[in-house]
Amino acid sequence: MSGVRSVGVVGLGYIGLPTSVVFADHGVDIIGIDVNPASVDSINRGEPHIVEPQLDVLLRKVVESGKLRATLTAEAADAFIIAVPTPFRENHEPDLAYIEAAVRSIAPVLAKGNLVVLESTAPVGATDRMSEWLAASRPDLTFPHQAGEASDIRVAHCPERVLPGQILRELVENDRIIGGLTPKCAQAASDLYRVFVRGQIKLTDARTAEMAKLTENAFRDVNIAFANELSVICDGLGIDVWELIGLANLHPRVNILNPGPGVGGHCIAVDPWFIVAADRQNSRLIQAARAVNDGKPHFVADKVKQAAAKFARPVVACLGLAYKANVDDLRESPAVDIVHMLATQKVGELLVVEPHVDALPASLQALDLQLTTYANAVERADIVLLLVDHAQFMAGDRALLKDKVVIDTRGVL
Ligand code: SAJ
């Protein structure tokens, strides 16, 4: 059993906030720490600043019961979880600046016996670096990279694996991998996560856990790239790629994923680069997959351009901006890139629909684009470009599409 009664969670975003809420709902006192005052205020009112099914109900409950409280500065706790973004730089090298800042923010309040867990996806070696940063800030304490099992502080990596849209269920049900800097570190983190995890918890070393997380997302990226490559080949051959994949998948050992407008989100389009950065020479397939998936939005934009050339004043309904169905997350979204390309290349009048956001991202606002409703866009359009398979679009009246040119990047219309 975990002796942990209080946890400080640094980073209250798509992973940190749901994780905090689930811990709090299982009786752990949570101090949520975030640099964004607006997020902190909203969380303390019991209102999530992100969209995730069921999160609002559970957040209100744990805020009202006093089990979860958000703050801008770290406070003492029994354990800390770091759940901040790990973007890449211009050259696709991982950028650990947020992790370093988070680590330095908790260093002053660390005490002997504390556990520090990195949940953020990170390149191999990042958990060691975290331990070194903490040691540099707190020479009065010992850390596992120096003192091994005798350390004052335990340090581990427990990569998040939850799927946006199903986070609260997957947090509890998914198996977890925990990599400790020492076996005792792994065990301490395992005891903590056991508070709510019903899946298996597998223990390993930190480097293997870091690589496992990157591998999961690179696996997915490579497989989506296969589907996207097929979609481009089939387009040239005049074959319906969706029918093709459906048929090929009837084979008992074939399971091709879905082609789309490209791969987005903050994980699958990013994490494979961390493997590439670690070994550029031997990651040829992973690099090729990234190139195929990053090339797909250009292919889609070209298709729209070809269709638009047949109209004097083409009107294009662009349905969806999110990186995937039924989420509000526009990060690394291929749909945003495609709309941006169409606007800068002046392909026609663009009617942009994204029911999950109130405002367009700055990159599109700068191009004088505006959001409109599904009904208005579809009625006025010559070309309907489906970019995201949101439930609202799928429920739309198909008869309205009868006389339109339909470019369906998700194969659902
Ligand atoms: N996509 C396709 N075709 C498919 C599946 C997905 O084009 O057949 C596209 C989606 O439209 C989207 C992107 O890929 O643009 C990624 O979507 P996703 O739903 O596959 O994954 P994410 O990014 O929402 O979440 C992934 C998950 N990882 C894996 O499935 C291996 C999740 O479990 C991780 O926790 C998450 O990354 C993360 O945070 O790393």
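**Exercise 1. Find which backbone contact holds a ligand nitrogen, and how much of the ligand is covered.**

Solution. Start at Asn258: one of its backbone N or O atoms sits 2.7 Å from a nitrogen atom of the ligand. Next, turn to the area: on its own the ligand exposes 770 Å², and the protein buries 89% of that. Keep in mind that you're working with a predicted model.

**Exercise 2. Which side chains make polar contacts with ligand oxygens?**

Solution. Take Glu160 to begin with: a side-chain N or O atom there is 2.4 Å from an oxygen atom of the ligand. Then check Asn217, where a polar side-chain atom lies 2.7 Å from a ligand oxygen. Both pairs fall within the 3.5 Å cut-off for a polar contact.

**Exercise 3. Describe the shell around the ligand: how many residues, of what class, and from which helix?**

Solution. Count the neighbours, using a 4 Å cut-off on heavy atoms: 20 residues surround the ligand, and the closest are Glu160, Lys213, Asn258, Tyr323 and Arg410. Now sort the shell by class, and you get nine nonpolar, three polar and eight charged residues. Finally, look at where they come from: helix H9 (residues 206-237) supplies the largest share, five residues.

**Exercise 4. Work out where the ligand lies relative to the two domains.**

Solution. First get the bounds: the domain assignment gives domain 1 as 6-199 and domain 2 as 241-265 + 294-408. Then ask who lines the ligand. Domain 1 and domain 2 both give residues to the shell, so the ligand lies between them.

**Exercise 5. Characterise the direct interface of domain 1 and domain 2.**

Solution. Begin with the spacing: taken over C-alpha atoms, the centres of domain 1 and domain 2 are 35 Å apart. With a 4.5 Å heavy-atom cut-off, five residues of domain 1 touch six residues of domain 2. For the area, about 530 Å² is buried between the two domains, and carbon and sulfur atoms give 49% of it. On the domain 1 side, Tyr14, Val51 and Pro164 lose the most area to domain 2, together 75% of what that side buries.

Terms used. Residues numbered from 1 in each chain as written. Predicted model: local features only at pLDDT ≥ 70, side-chain atom pairs only at ≥ 80, totals over all residues. Heavy atoms only, no water. Polar contact = N/O pair within 3.5 Å; in protein donor to acceptor, adjacent residues only side chain to side chain. Areas by Shrake-Rupley, 256 points an atom, 1.4 Å probe, with all protein chains shown as cover. Helix = DSSP H or I, 4+ residues; strand = E, 2+ residues; numbered from the N terminus. Nonpolar A, V, L, I, M, F, W, Y, C, P; charged D, E, K, R; others polar. Domains from an automatic or database assignment. Buried area = accessible area lost by both parts, 1.4 Å probe.
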